[in-house]
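Student: Could you walk me through how the chains in this model pack together, and where the charged side chains pair up?

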Protein chains: 4
Amino acid sequence: MSSGILLIDCPDRRGIVASIAQFLYEHGANILHADQHQDNEAGRFFMRIEWALEGFDLGEKSFVEQFEPIAKSFQMEWRLELSATRPKIAIFVSRDQHCLVDLLYRTQIDELKGDVALIISNHANAKAVAAFHGIPFHEIPITSATKLEAEKREIELLEAAGVDLIILARYMQILSPQIVERYPRRIINVHHSFLPAFTGARPYHAAFARGVKLIGATSHYVTNDLDEGPIIEQDVTRISHRDQLQDLIQKGRDLERVVLSRAVRWHLTHRILFYGNKTVIFD
Amino acid sequence: MSSGILLIDCPDRRGIVASIAQFLYEHGANILHADQHQDNEAGRFFMRIEWALEGFDLGEKSFVEQFEPIAKSFQMEWRLELSATRPKIAIFVSRDQHCLVDLLYRTQIDELKGDVALIISNHANAKAVAAFHGIPFHEIPITSATKLEAEKREIELLEAAGVDLIILARYMQILSPQIVERYPRRIINVHHSFLPAFTGARPYHAAFARGVKLIGATSHYVTNDLDEGPIIEQDVTRISHRDQLQDLIQKGRDLERVVLSRAVRWHLTHRILFYGNKTVIFD
Amino acid sequence: MSSGILLIDCPDRRGIVASIAQFLYEHGANILHADQHQDNEAGRFFMRIEWALEGFDLGEKSFVEQFEPIAKSFQMEWRLELSATRPKIAIFVSRDQHCLVDLLYRTQIDELKGDVALIISNHANAKAVAAFHGIPFHEIPITSATKLEAEKREIELLEAAGVDLIILARYMQILSPQIVERYPRRIINVHHSFLPAFTGARPYHAAFARGVKLIGATSHYVTNDLDEGPIIEQDVTRISHRDQLQDLIQKGRDLERVVLSRAVRWHLTHRILFYGNKTVIFD
Amino acid sequence: MSSGILLIDCPDRRGIVASIAQFLYEHGANILHADQHQDNEAGRFFMRIEWALEGFDLGEKSFVEQFEPIAKSFQMEWRLELSATRPKIAIFVSRDQHCLVDLLYRTQIDELKGDVALIISNHANAKAVAAFHGIPFHEIPITSATKLEAEKREIELLEAAGVDLIILARYMQILSPQIVERYPRRIINVHHSFLPAFTGARPYHAAFARGVKLIGATSHYVTNDLDEGPIIEQDVTRISHRDQLQDLIQKGRDLERVVLSRAVRWHLTHRILFYGNKTVIFD
């Protein structure tokens, strides 16, 4: 069923819900889901509302025109999304393919509602699985000397494909600002620790050394501050002294798959709002 | 902060939210929280909306009068709750006091916002802890021969104290319909299994015999069908072959405390709606 | 590193560990892992002991000869496994391929140390992924009329391939005794519920109808009693009223993958002992 | 049942288990539980072995004499514990009593097998509950000016009571080295975060600010490096944008109770071995 999704973030004031609900009602919206959140301390209001387009009397353009006055009066930041629009995805991957294979299967069965337009890797390993799924694969090796140039080529590919979302599916290179700033809140990474514990390289090694009793994984939006972007999802699993480093890495793969795919699903279904450096997830 | 809470359950139709939001806005409500749920398949709409009473221009009685026409037009089942009203609680307990001690501490620090008016037990064990908290304690032994009589005395005590909520905090007697039907959706039990697995007596023994790898606990409303009432909350914990029956019982106590207290908190803050034999929890 | 693994199950008596440890020590075993479990109530002793074969002075045949007297004196049920021997695996699958794709990736990266010798399905869906991994694929449709005949062909294929382990990776047919009894404790199934809750068909539908707050998955050995075989692993995930049936199915897939793959890993590394209808997992 | 518990930590070498098992067998030990762990990388061996004293022919003193040669030959660090010896416990607490109330109930029902000899607090709040349990209560206010003097009085009390284990049950003062060094590996603290994330003061505030999706609690041994001692146990619970700071604190209390009490139970039953700054838990 084709639906419209309205995402709103504004100062909290009386009458917001009444205005929005009245507007949608007047135009024949059959509401399917609505979620709202008020941060009473910060005085901030968040809303996600989804309605069936069948019977709704506004097109995308007239919606914008007619809703704008309401939005203005409440100082809303807002956007309208259409469930029928399938975002275009680029997946970046290095040697380990467990997240990639997982994401591709999920898109194949339409659990993730987006189209993987291309796969970019600094290694050749993923070439076969990309071919199996019929997805263009670009091997772009990276060294510190070639990084900026290599990224320029990546940007060309991303732009040529009209990419909406970049997924770093265990991509072991740090993106430089020229990419990050071009895709604000549109690059999702999975970090293999329970952030903010064990930022940076080799988090399983660090967790093993510290002797933690649970290991974690975190999916987050990428910003120029490494591992400091807004957290989308986290999960943990129990380990014991019987688990050696290799066991942590193996158990961690199961976490990474799940934590990354949940983040991607919520992003693709427009369930994520921002809140300083935090996220609101309307799941 | 004193607040009003409106709980609504009705057939899903266009315009419900607009009507409610408009009504509250017109009377000066400053909305603190709002949650709604639509079951598109069943065509049912659920809402919980909470607003500050400060600045709201309707008292309880006039709210009822003025909201009733809206309620009627949408065929709503609804109720209004006031956060300032502290429900009166009766706790039933048998020998094991872990849930009782836990609930009493939570009420003492006002984590659970209700007043424990009395404790009823078929054993004397809890007498001291009741006295420590200054709560009337009634030892009412039960045998199959005396059950109906004993329950009559319990009903007198419950009515004399004006009890709103009965908590069965590991009370090992089955209530007969004369009590259950007097307190519909107002008796919460904790069952020491992951329902619907292991209904009835000695669920840890049954779990141990079956060789499950997780044990659970379930809090639910009590109906005349044993262990079949609407589930409010469940949780599980991992066990292994190293855990003997006594370990299951000990690990289970930690589950029971948490699962029961969450249910009580949600009930006391009017976060639970019903849905056939299911619950909607607006947490 | 090549290792020997000794698995023992016997009545609990003084001197067992001393005898085994002394035997291994005398033959130069460098012990890598040892786990034991005593069920004091049942008076039963279980042990898994793994040692490096380098420097160990017994071959497989002489081990059997020389260990047999000790085994006899303690009435042991025992077996010797060699880590170098890679079990041959058959995967049965129906339409849903999430477990299959997951298992194939895990064997590809050698996380699961076995060789998938063939894939059998009552549908054609998995043909492409089998080909991608270079694994023989056999489509064998099943109807109630053709079942016994179809299974006979399956048995021929299993025997021709010398299969050690059968994995039912969301195979929606019930195996008849002619297969089950040929592979005792060597057929692993994943059931999409937290057993013993929701046995039989359509467990997610049943869980949804009952209004549980957690859904689960269970991997177990297959016996002739449907869903009653020894449980190997279970896990759960939280759901809420916001989750519709499709969400349960989607969340369940993540559970099924993890719960099934853990069971397979433990089986392949000889970590599972039996105990009436229960398992001891030396993880 | 009275039992002996032998805890061993030594370089890994062939013949250790054979020697120990033979020694115990010769003296008539009926082994109840045995756990061992080998860190193959570090070349370290750990063992916990528990046996019934009934029928065992060595007293404590002769055990030490006769086991010492074996211990020496394998360079063991070892100790013998007797389950019949009940450790004496001091609980330190500040204003929040949830962990204290929980620990006292667990000792009351003998889930925790130790005797609480005294409660020390820098506030008066816990006086009543201490009296209810008949445990000496000492209010010892602390300011930075009086800290060393106050601690001297605490040390006198601890020594007068012959305390074996100190539990910091949400004690909001940092112990100075004069106490910490007197009770090495015998002071257990609960920190209200998932260490090493959010060390130091106000971890829930920090977690809330960072926007994590899970909060945690950690029990650990206290060393002079704040929040850096060996971790014993950790657990987490899920939060969402709907949880305000107060909800984190409330949910955290449930974690703290469980995580602290598990650590205390393992300590009291001699299940914890050390390993650099890490722990081995033979649960």
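What follows is a short back-and-forth on symmetry, one interface and a few salt bridges.

Tutor: Ground rules first: this is a predicted model, where local features need pLDDT of at least 70 and side-chain atom pairs count only at pLDDT 80 or more, while totals for chains, interfaces and linings use all residues. Residues are numbered from 1 along each chain as its sequence is written, chains are lettered from A and ligands numbered from 1 in the order in which they are written, and side-chain values use heavy atoms, with hydrogens and water left out.

Student: What kind of axis relates chain D to chain A?

Tutor: Superpose the copies by least squares on the C-alpha atoms of residues with pLDDT of at least 70 in both. A turn of 180 degrees with a shift of 0.0 Å along the axis then lays chain D on chain A at an RMSD of 0.1 Å. That relation is the one given by a two-fold axis.

Student: Which C-alpha of chain D is nearest that axis, the one for chain A?

Tutor: We're still on the operation that lays chain D on chain A, the 180 degrees turn. At 2.3 Å from the axis, the nearest C-alpha in chain D is that of Ala197(D).

Student: And for chain D on chain B, which residue of chain D comes closest to the rotation axis?

Tutor: Chain D goes onto chain B with a turn of 180 degrees, a shift of 0.0 Å along the axis and an RMSD of 0.0 Å. The same surface serves both copies, since 100% of the contact residues of chain D recur in chain B; contact here means heavy atoms within 4.5 Å. With its C-alpha at 3.5 Å, the residue of chain D closest to the axis is Phe132(D).

Student: How much area do chain D and chain B bury between them?

Tutor: Each side brings 20 residues to the contact. Buried area is the accessible area (1.4 Å probe) that two parts lose on being put together, summed over both. Of the total, 49% is on carbon and sulfur atoms, and the total is about 1,800 Å².

Student: How many salt bridges cross that interface of chain D and chain B?

Tutor: The rule wants a side-chain nitrogen of Lys or Arg within 4 Å of a carboxyl oxygen of Asp or Glu. One that fits is Arg106(B) with Asp254(D), at 2.6 Å from N to O. Across the interface of chain D and chain B, the count is six.

Student: Which helix gives the most to the side of chain D that touches chain B?

Tutor: Helices here are DSSP runs (H or I, at least four residues), numbered from the N terminus. On that side of chain D, α3 (98-108), α4 (127-132) and α8 (245-268) each supply at least two residues. The top contributor, with six residues, is α8(D).

Student: Why does the salt bridge of Glu228(A) and Arg210(D) join two chains?

Tutor: Their side chains meet at 4.0 Å, N to O. Glu228(A) sits in the loop between β10 (214-221) and β11 (231-238) of chain A, and Arg210(D) in helix α7 (residues 203-210) of chain D, so the pair joins two chains: A and D.

Student: Is Arg210(D) buried or exposed?

Tutor: Buried means under 20% relative accessible area, exposed over 50%, and partly exposed in between (1.4 Å probe, protein chains only). Its partner Glu228(A) has 38%, making Glu228(A) partly exposed. Arg210(D) is at 10% relative accessibility, so Arg210(D) counts as buried.
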